[in-house]
Amino acid sequence: MAAVATCGSVAASTGSAVATASKSNVTSFQRRGPRASGTNDSGPRLVSIAGTRPSVRNGQLLVSTGLPALDQLLGGGLAVGTVLLIEEDKYNIYSPLLFKYFLAEGTVSGHTLLVASAKEDPANILQELPAPLLDDKCKKEFDEDVYDHKTPESNIKMRIAWRYQLLPKMEQIGPVSSSRFGHYYDASKRMPQELIEASNWHGFFLPEKISSTVKVEPCSLTPGYTKLLQFIQNIIYEEGFDGSNPQKKQRNILRIGIQNLGSPLWGDDICCAENGGNSHSLTKFLYVLRGLLRTSLSACIITMPTHLIQNKAIIARVTTLSDIVVGLESFIGSERETNPLYKDYHGLIHIRQIPRLNNLICDESDVKDLAFKLKRKLFTIEWVQDNYLRQERNIYPPGFSYLLKQKDSAWGEGSLQHSTFLMSFLAKATAFASRLVRHSEPLKQNGSGRIRQAAGPRLWHDGRRQEAPGLLGIPP
Amino acid sequence: MFVELNNLLNTTPDTAEQGKLTLLCDAKTDGSFLVHHFLSFYLKANCKVCFVALIQSFSHYSIVGQKLGVSLTMARERGQLVFLEGLKSAVDIVFQAQKEPHPLQFLREANAGNLKPLFEFVREALKPVDSGEAQWTYPVLLVDDLSVLLSLGMGAVAVLDFIHYCRATVCWELKGNMVVLVHDSGDAEDEENDILLNGLSHQSHLILRAEGLATGFCRDVHGQLRILWRRPSQPTVHRDQSFTYQYKIQDKSVSFFAKGMSPAVL
């Protein structure tokens, strides 16, 4: 995938070595080598695709998932060439929303869409995409011609900062407003018809395709999966997303969306039987799909009803073969619906896996307890501990909850400081609180006549500074 | 190659033992940093490496290898590295009819066959070239990872047979080393995976097990590494040695420390 080279010389040394080894010049996860173009500067010219941005960590190309909050939790966005697997919630109410946000983001950014479903006609899915929330200035520019290929003339010689002339210049396709990364959507309105018609999309509706009598090579996948793989591979090759087609020079992203993969509608029986005959079909499909994605400029979202899969081993294997795994758990019908802690939220969202691509480390978010709510317009994801802290302030001393609320604080959940503090604090708190219980010896008094009060929920209730036990205690 | 891990394992690229099977295992965390370590270790030791990479693409290993100081593209060009890219081959096999037998051609077959073509590929890649002078020290086979073969329809017994054949050729006949990675599914009740893992644990000389912390996610300690030395051929006169360290992965290295001695706490 395209990596933004911030220094021309570095890209030249690595790019030339890589460029000679590869056959095609567009491959995901590859740094782009310098191209001989007729300009004055010697650095590589890079073209940026609308709706994408390079990752801050390692320069990988990222696309937005349609939810800026989710992008932030995933380390900036979904990397091009990877699979985002959404484990559906129990009644399949919120996962179609995430699916549609992903496709809507592709429509707004001008990407090509490929929608595959066994349940709904892809044309109907596209009619139900949420409307983007563009402010008026952007909306006006969006009505104009989107594919404006006029490149800015940027050959002005720099006089003072002449060293910067060697840095690569960015060409942008399309107006700046539509190439913004990550948009907000209004879930109550539909996307305007002209936007849908302007987009380039391909649909795969299983009941239509399964009846055609094209010869299918046997390879132990269910026929539905085999047809879908061939369809995807066809589109990737025909439209040039993998760079192997000499006639087509594609500079766009293909967004693939597959709905309800693994459900019985696809002809797979892993949701019905524990040890069916097709138990390897889904994992093989995911493996070949991974191979297709890694060698093309595409990103894929898959929703899967994992709560229906009988064999837990298959879920583990599916998780290994996907890159990002996000699980949705809605509160409908569970006892959490009446829990006052969760009264503002509709469900929990679990980020189960984040990939380590081209790197030893990954951008794992520190915040683990996340909940989502679907307000009338927006789908928001929040840290549920905020609610918890508001209600349970009596347990934490006020100074501590202030530390927790800081952005990127070292005292956040999951840090060693937090756990160590809690352990010692709670140990001392229970030790002091046990003094309220009548023991054989009375409460000791020190000479100044002031009784050291016991720690308990009442200690900080009125906000007055009291003596606090534990680490904040004053030594006698 | 992580220098701290070399110190813990008491090896350097020049003094590594030969004829050993190393098993890498990860449970609830990602153990791929161990694969990167061994890949760069054996390339620096001037060995001929055959890498069966089933789960990631070549450029992924190449970019991480550059951070660790080895260039996979240069190694491939001069013949030191033979790289089988599983993802790219899968696309070629499934969508185009192949004339010659391909090591991964079981992807086209409906029934679970055996991994004989893959073994032939490995043997062909690592056989010593009769050029007179010995260019590379000893051959090494690296597999990342074996659990994917189970997902692709192979039975656990077929994979164990493949490892057995490879061990006989690479470790015993050619006096080389083998490093394989297997995922431990933990409580997911993956019977095939458990059979594979237990079978390999009995055959291997060194087991490196990367586990997530039992207490959950921590920003400063990414996991725990258990190192177990075994002597499978001799009856256990000495007890198997086992050490446990905790680690934190950084951008270009991994730092190891004793349990509870993370620099964040001290």
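A salt bridge is a side-chain nitrogen of Lys or Arg within 4 Å of a carboxyl oxygen of Asp or Glu, and the structure holds 16 of them over all chains. This is a predicted model, in which local features need pLDDT of at least 70 and side-chain atom pairs count only at pLDDT 80 or more, while totals for chains, interfaces and linings use all residues. Residues are numbered from 1 along each chain as its sequence is written, chains are lettered from A in the order in which they are written, and side-chain values use heavy atoms, with hydrogens and water left out.

Before selecting anything, consider the confidence values. Chain B has a mean pLDDT (the predictor's confidence in each residue, from 0 to 100) of 89, and 95% of its residues reach 70 or more. For the complex, the predictor gives an ipTM of 0.94 and a pTM of 0.77.

Begin by selecting A:R317 and B:D190, whose side chains meet in a salt bridge of 2.9 Å, N to O. A:R317 lies in helix α10 (residues 312-321) of chain A and B:D190 in the loop between β5 and α9 of chain B, so the pair joins two chains. Helices (H or I, at least four residues) and strands (E, at least two) are DSSP runs, numbered from the N terminus. Both A:R317 and B:D190 are buried, a word that means under 20% relative accessible area, with exposed meaning over 50% and partly exposed in between (1.4 Å probe, protein chains only).

Stay in the loop between β5 and α9 of chain B and select B:D187, which counts as exposed at 68% relative accessibility.

Move next to helix α6 (residues 116-126) of chain B, where B:K116 and B:E120 are four residues apart and therefore separated by about one helical turn. Their side chains meet in a salt bridge of 3.7 Å, N to O, and B:E120 is partly exposed, with a relative accessible area of 31%.

Finish with B:E211 and B:R226, which form a salt bridge with their closest N and O atoms 3.3 Å apart. This pair links distant parts of the chain, since B:E211 is in strand β6 (residues 206-211) and B:R226 in strand β7 (residues 223-229), 15 residues apart. B:E211 is buried, with a relative accessible area of 12%, whereas B:R226 is partly exposed at 36%. Add B:D184 and B:R209 to the selection, and the four residues appear as one network joined by salt bridges that share partners.
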